[in-house]
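Hi,

Here is the structure I promised to pass on. Have a look first, and my notes follow underneath.

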Amino acid sequence: MIRRIFITAVLLAIVAAVAAWFLSAPTTLSQTAFADLPDADLARGEEMFWAGGCNSCHAAPGAKGDEKLVMAGGLALKSDFGDFYAPNISPDKDAGLGNWSFSDFANSMKMGVGRDGEHLYPAFPYTSYTRMDMQDLNDLWAYMKTLPASSNVAPAHELGFPFNIRRAVGLWKRLYLKSGSVVRFASSDEAIQRGQYLVEGPGHCGECHTPRSLIGGLKLDVWLSGAKNPDGEGVIPNITPGGGLKSWSAGDIAYYLESGFTPDFDSVGGSMVSVQANMAKLPAADREAIAAYLKAIPAHGNGY
Amino acid sequence: MKYTVALTLAAALVASPVLAAGTPQEERQLTMKSVGQAMGTLAKTAKGEINYDAAAVAKAFQTMNDATKNFVEKFPEGTETGHDTEASPKIWSDRTGFESAVDKFGNDTSNAVAAAPQDLDAFKVQFGKVAKNCSTCHEAYRVKKN
């Protein structure tokens, strides 16, 4: 009898392990995703670079001015799950992405899969980038290839058990990697739609402004309601109409993104400084679109 | 007589935050409020929302410069928390960096006062240099807590 129970338990464990192995397998984009892409447009690619804010994490820590265009990596993100280090994504062939194809890049951005077919950790916000258009990614990739190469070798992530089991990210993705829109709008206002794309996709605003579950997944039902700072002290503000932005007009929000000043002429601070500097480089219509979207989303109380 | 007393009391109450700021946390918050107000004048000028007024601009730059005087002394040990302070622990762990950031703000505002810009274009040059200090310092040394 005991023997039979034991054998059943072992068999069940094997079945569970095999299932977990298959469920956690990395998946990549199908070839059809790459069909009919127009030629890359560098100017549009540069806009995506500012919208995406790649340099906020991938420029060398403390980079100023033109150094902000060198994606040398090395910035530490000290999270509850361990220390992540932003990799070198400059066009360097050894230390960076110099040997990557557009297909490799698109799979990292939309599927969270690296060049060797491995899962990438979601400290890299592919949960937002997955909503980006292939054409925008193609333009961005072309622009990134024009940036200076850096031979800096960024440190490897330092993660404790169980977060160091990379394969397990596959299970996490089944719960949290979703390519659909977060907010559903009744109207189809063009500015709101553009703002939605910028905020939910390349701008990846939700990655800091939305609270996370215990295993680090975004709680989409309280989207943009503010969160504990994922990388240190303090909080990231609630930017729904239920938070501090309630009294801001759309014009106030657009002006903040352009200048870094609140309606009270307090200034941008913390990790938002780099984000705002990038947003300031977008066309004014894009900042206005982000503002229109933020005024239109559901209000929530503070998520922290 | 009654009115005088009442008025004096009322005036004292209104003015009390300035006169008796009390704790260093409150003092530095008031100082930063004065900077924010001055920034309001300057930013609205830069945006063209108010007409160019050389005297108002000079006064605003001077207010900011005054704010930098003895500012670092308003962050003594033991005032890392309390009174809703948004001061980052880095102010104490990286004192040199913090002090040099305040010095830079002092220099840039003092230069702006000396430049005494008389028209909008000349103003914008000074304004750009001064305004950058806000986010540079707040990037490292302020933490939003609610």
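To start with a small orientation exercise: in which helix of chain A is the place of Asp286(A)? Asp286(A) belongs to helix H12, residues 284–296 (helices are DSSP runs of H or I with at least four residues, strands are runs of E with at least two, and both are numbered from the N terminus).

Before going further, a word on the ground rules. This is a predicted model, where local features need pLDDT of at least 70 and side-chain atom pairs count only at pLDDT 80 or more, while totals for chains, interfaces and linings use all residues. Residues are numbered from 1 along each chain as its sequence is written, chains are lettered from A and ligands numbered from 1 in the order in which they are written, and side-chain values use heavy atoms, leaving out hydrogens and water.

Back to Asp286(A). With 6% relative accessibility, Asp286(A) counts as buried (buried is under 20% relative accessible area, exposed is over 50%, and partly exposed is in between, using a 1.4 Å probe and protein chains only). Leaving aside residues up to four places away in sequence, Asp286(A) touches Glu47(A), Arg194(A) and Leu198(A) (contact means heavy atoms within 4.5 Å). For Leu198(A), the C-alpha to C-alpha distance to Asp286(A) is 7.9 Å, although the two are 88 residues apart in sequence.

Salt bridges next. There are 13 over all chains, counting a side-chain nitrogen of Lys or Arg within 4 Å of a carboxyl oxygen of Asp or Glu. One of them joins Asp136(A) to Arg44(A), at 2.9 Å from N to O. Asp136(A) is in helix H6 (residues 134–144) of chain A and Arg44(A) in helix H2 (residues 42–52) of chain A, so this pair ties together parts that are 92 residues apart in sequence. Asp136(A) is buried at 3% relative accessibility, whereas Arg44(A) is partly exposed at 33%. Arg44(A), Asp136(A) and Asp139(A) are linked in a salt-bridge network.

Another salt bridge pairs Asp80(A) with Lys228(A), with the closest N and O atoms 3.7 Å apart. Here Asp80(A) sits in the loop between strand E1 (76–79) and strand E2 (82–85) of chain A, and Lys228(A) in strand E4 (residues 227–228) of chain A, so the pair ties together parts 148 residues apart in sequence. Both Asp80(A) and Lys228(A) are exposed.

Chain B has an aromatic cluster formed by Phe71(B), Phe75(B), Trp92(B), Phe98(B) and Tyr141(B). Rings of Phe, Tyr and Trp (its six-membered ring) pair if their centres lie within 6.5 Å, with planes under 30 degrees apart called stacked, over 60 edge-to-face and the rest tilted. That gives 18 aromatic pairs over all chains. Phe75(B) and Phe98(B) have ring centres 5.0 Å apart and planes at 75°, so they are edge-to-face. Phe98(B) also pairs with Tyr141(B), centres 5.4 Å apart and planes at 65°, so that pair is edge-to-face. Phe98(B) is in helix H5 of chain B and Tyr141(B) in helix H6 (residues 120–141) of chain B, 43 residues apart. Phe98(B) is buried at 2% relative accessibility, and Tyr141(B) is buried at 10%.

Last item: the charged end of Arg167(A) sits over the ring of Trp21(A), 3.4 Å from its centre (this requires NZ of Lys or CZ of Arg within 6 Å of the ring centre and within 35 degrees of the ring normal).

Cheers
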